[in-house]
Amino acid sequence: MAEGIVYFGSDSGTFVALDARTGKLVWQFEAGGPIQASPAVAGGVIVFGANDHHLYALGRRTGRKLWSFRTSSFCTRAPPVIHGDRIIAAGWAEWVWCLDL
């Protein structure tokens, strides 16, 4: 949650942003597979992994895809971590990725 907006993904592959006060949909994004870990939020960016072998970065206010990164395994082992201008994400089979935000 950031600035009154709740962010979460679903097993159907839909990632949503809801207004915490009203429960109304702010925006939604369709990933290519289930989203089972929490997202990471920093500034105007939200990052999450999906079981379609991708990490996604979306604009926090708009839900517009900023970029995606094809991984070599599912990205649901744990939530990604944003540290400074880097994203660290883990996947199945002991894969770990470190990307520029």
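The following questions and answers go through a predicted model, taking its nonpolar cores, one of its strands and its salt bridges in turn.

Biologist: Which element gives the largest share of the largest nonpolar core?

Modeller: The largest nonpolar core has 14 residues, and Tyr7, Phe15, Trp27, Phe29, Ala31, Phe48 and Leu58 touch the most other members. Two or more residues come from each of β1 (5-9), β2 (14-19), β3 (25-30), β5 (45-50) and β6 (54-59). The largest share, 3 residues, is that of β5.

Biologist: How many residues are in the other core that lies apart from it?

Modeller: This other core lies apart from the largest one, and among its residues are Ala40, Val45, Val47 and Ala57. The number of residues in this other core is 6.

Biologist: Which residues does Leu58 touch, if those up to four places away in sequence are not counted?

Modeller: Leu58 is one of the residues that touch the most other members of the largest core, and it points the same way from β6 as His54 and Tyr56. With residues up to four places away in sequence left out, its contacts are Phe15, Trp27, Phe29, Gly44, Val45, Ile46, Phe48, Gly63, Arg64, Lys65 and Leu66.

Biologist: Is β6 largely enclosed by the rest of the structure or largely open, and how many of its residues are buried?

Modeller: His54, Tyr56 and Leu58 point one way from β6, while Leu55, Ala57 and Gly59 point the other way, and all are buried. The strand is therefore largely enclosed by the rest of the structure, the count of buried residues being 6 of the 6.

Biologist: How many bridges join β5 to β6, and in which sense do the two strands run?

Modeller: One position that shows the pairing is Gly49, which stands opposite Leu55 in β6. The two strands also form a hairpin, with 3 residues between them. The bridges that join β5 to β6 number 6, and the strands run antiparallel.

Biologist: Which residue in the hairpin of β5 and β6 takes a positive phi?

Modeller: Most residues other than glycine have a negative phi. The residue in question has a positive phi of about 70° although it is not a glycine, and its place is in the loop between β5 and β6. With a relative accessible area of 23% it is partly exposed, and its name is His53.

Biologist: On the other side of the sequence from that hairpin, which residue in the turn between β6 and β7 has a positive phi?

Modeller: Strand β7 (residues 65-70) pairs with β6 in the antiparallel sense over 5 bridges, and Tyr56 stands opposite Ser68 in β7. The two strands form a hairpin with 5 residues between them, and the residue in the turn with a positive phi of about 80° is Gly63.

Biologist: Which residues are linked with Glu3 in a network of salt bridges?

Modeller: Side chains of opposite charge can pair when their charged atoms come close. Glu3 forms a salt bridge with Arg60, the closest N and O atoms being 3.4 Å apart, and another with Arg61, where the closest N and O atoms are 3.3 Å apart. Glu3 lies in the segment before β1 and Arg61 in the loop between β6 and β7, so this pair ties together parts that are 58 residues apart in sequence. The residues linked with Glu3 in the network are Arg60 and Arg61.

Biologist: Does Arg60 count as buried or exposed?

Modeller: Its partner Glu3 counts as exposed, at 63% relative accessibility, and Arg61 also counts as exposed, at 56%. The relative accessibility of Arg60 is 5%, under the 20% limit, so Arg60 counts as buried.

Biologist: Which residue forms a salt bridge with Arg86?

Modeller: Arg86 lies in strand β9 (residues 86-90) and its partner in strand β10 (residues 96-100), so the pair ties together parts that are 14 residues apart in sequence. Arg86 is partly exposed at 39% relative accessibility, whereas the partner is exposed, with a relative accessible area of 52%. The closest N and O atoms are 3.3 Å apart, and the partner is Asp100.

Biologist: What is the area of the nonpolar surface patch to which Val81 belongs?

Modeller: Val81 has its place in strand β8 (residues 81-83), and its relative accessible area of 47% makes it partly exposed. Together with Ile88 and Val96 it makes a nonpolar surface patch of about 250 Å².

Methods: Residues are numbered from 1 along each chain as its sequence is written. Side-chain values use heavy atoms; hydrogens and water are left out. A nonpolar core is a set of buried Ala, Val, Leu, Ile, Met, Phe, Trp, Tyr and Cys residues joined through side-chain atoms within 4.5 Å. Buried means under 20% relative accessible area, exposed over 50%, partly exposed in between (1.4 Å probe, protein chains only). Helices (H or I, at least four residues) and strands (E, at least two) are DSSP runs, numbered from the N terminus. Contact means heavy atoms within 4.5 Å. Two strands pair if DSSP finds at least two bridges between them. Patches are made of residues with over 30% relative accessible area and no salt bridge: like charges are joined within 9 Å, nonpolar side chains (Val, Leu, Ile, Met, Phe, Trp, Tyr) within 5 Å. Accessible areas come from the Shrake-Rupley method with a 1.4 Å probe; for residues, only the protein chains shown count as cover. A salt bridge is a side-chain nitrogen of Lys or Arg within 4 Å of a carboxyl oxygen of Asp or Glu.
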